[in-house]
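Dear colleague,

I am handing over the structure below, and I would be grateful if you could look through it before reading my notes on what was found.

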Amino acid sequence: MYDPITLHSPEERLNDPDLTEQSVELWVKRDDMIHPFISGNKWRKLRYPIQEMRQFGKHQLVTFGGAWSNHLLACAAAGARFGIKTSAFVRGEPVDNPVLGMCRLFGMKLRFVDRSAYREKKELFARHYDANQAYFLDEGGYGPSGARGCSELIDELRQSYDHIVVAAGTGTTAAGLQQGIWKQQLSTQLHVVPVLKGAHFLLEEIRNLGTDPADLCFHWDYHFSGYAKVKPELLNFIQQFIATTGIMIEPTYTGKMIYAVYDLIRKGYFRRDSRILCIHTGGLTGLLGQLAHFDTIWENPEQ
């Protein structure tokens with residue numbers, strides 16, 4: 001029997017004078033509070049794959065990610081929690097960093113592969129693992145099971161929202177949220193903030209998960225030059241947001257998404273009296289690879 005993590009993900013309202021002036025309500029769904037390592041959409045995207053593993057008698061989870069991947073760490077922690085062997089193909093040259101170190105502490109076996117070989121994920125899996133014993137989980141938890149887990153977030157909401165906003169890497173979370181909105185027959189508009197430059201491939205990825213991307217509203221211009229890329233204005237915003245709200249965010253996903261929401265509010269994009277919900281997708285250990293970027297704003301506070 002699958003032993004679920006006790007869910008703790010409140011909806012928290014932000015009390016910001018700028019928001020009051022714009023006459024909008026801004027809330028945050030605190031999925032970062034679900035678990036220290038299996039947090040946010042990582043927990044949601046793993047829930048049903050783990051159930052499927054138990055159902056089909058598979059004892060090893062095999063997945064994929066980069067050297068600072070929150071997804072890899074979540075899989076490793078979940079494996080330790082639920083008694084599952086975990087392995088991962090890591091994109092790029094062998095490196096050591098705190099995230100991979102924690103993966104190893106949780107018992108995950110890491111295989112580093114060059115970027116060319118990494119593109120052929122199913123071939124890598126077939127070469128090294130028996131599909132009767134091991135479970136293939138795509139990068140970032142992409143897949144219908146991951147979307148199903150994310151869709152259940154909508155069932156938990158304690159009030160209605162005019163707009164829900166989420167960051168997107170693989171598109172799984174966005175696809176699932178929209179499915180949850182359909183299921184509940186809500187009029188809520190889902191907004192998606194891609195964190196990769198040139199991310200229009202997400203339209204097809206979301207469609208492949210059974211969600212019509214035409215029902216989503218995409219905001220393409222908040223990637224700050226690409227995945228895990230940052231600029232001083234983003235870093236300054238994140239530092240100020242954390243210091244004034246007490247909510248930790250990181251520059252790769254949630255930081256870009258909340259920056260986009262504030263920018264859209266300032267530009268009058270949302271009508272007055274709108275109630276907006278931002279989805280905090282967790283993954284705060286990603287800060288470990290980004291903290292050095294903040295040195296520039298701490299050393300030059302006048303910027």
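**Helix 6 and its surroundings**

In helix 6 (residues 121-128), the buried residues, meaning those under 20% relative accessible area with a 1.4 Å probe and protein chains only, are Lys121, Leu124 and Phe125. Seen down the axis of helix 6, these buried residues fall within an arc of 100 degrees, taken from the directions from the helix axis to the C-beta atoms, so they line one face of the helix. The face turned away from that buried side carries Lys122, Ala126 and Arg127, which are exposed (over 50%). Among the elements that cover the buried residues of helix 6 are strand 3 (60-65) and helix 5 (115-118); helices (H or I, at least four residues) and strands (E, at least two) are DSSP runs, numbered from the N terminus.

This is a predicted model, in which local features need pLDDT of at least 70 and side-chain atom pairs count only at pLDDT 80 or more, whereas totals for chains, interfaces and linings use all residues. Residues are numbered from 1 along each chain as its sequence is written, and side-chain values use heavy atoms, with hydrogens and water left out.

**Helix 4**

The buried residues of helix 4 (residues 98-105) are Val99, Leu100, Met102 and Cys103. They cover an arc of only 155 degrees around the axis, which puts them on the same side of helix 4. These buried residues pack against helix 3 (70-82), strand 4 and strand 5, with contact meaning heavy atoms within 4.5 Å. Just after helix 4, Gly107 takes a positive phi of about 100 degrees.

With kind regards
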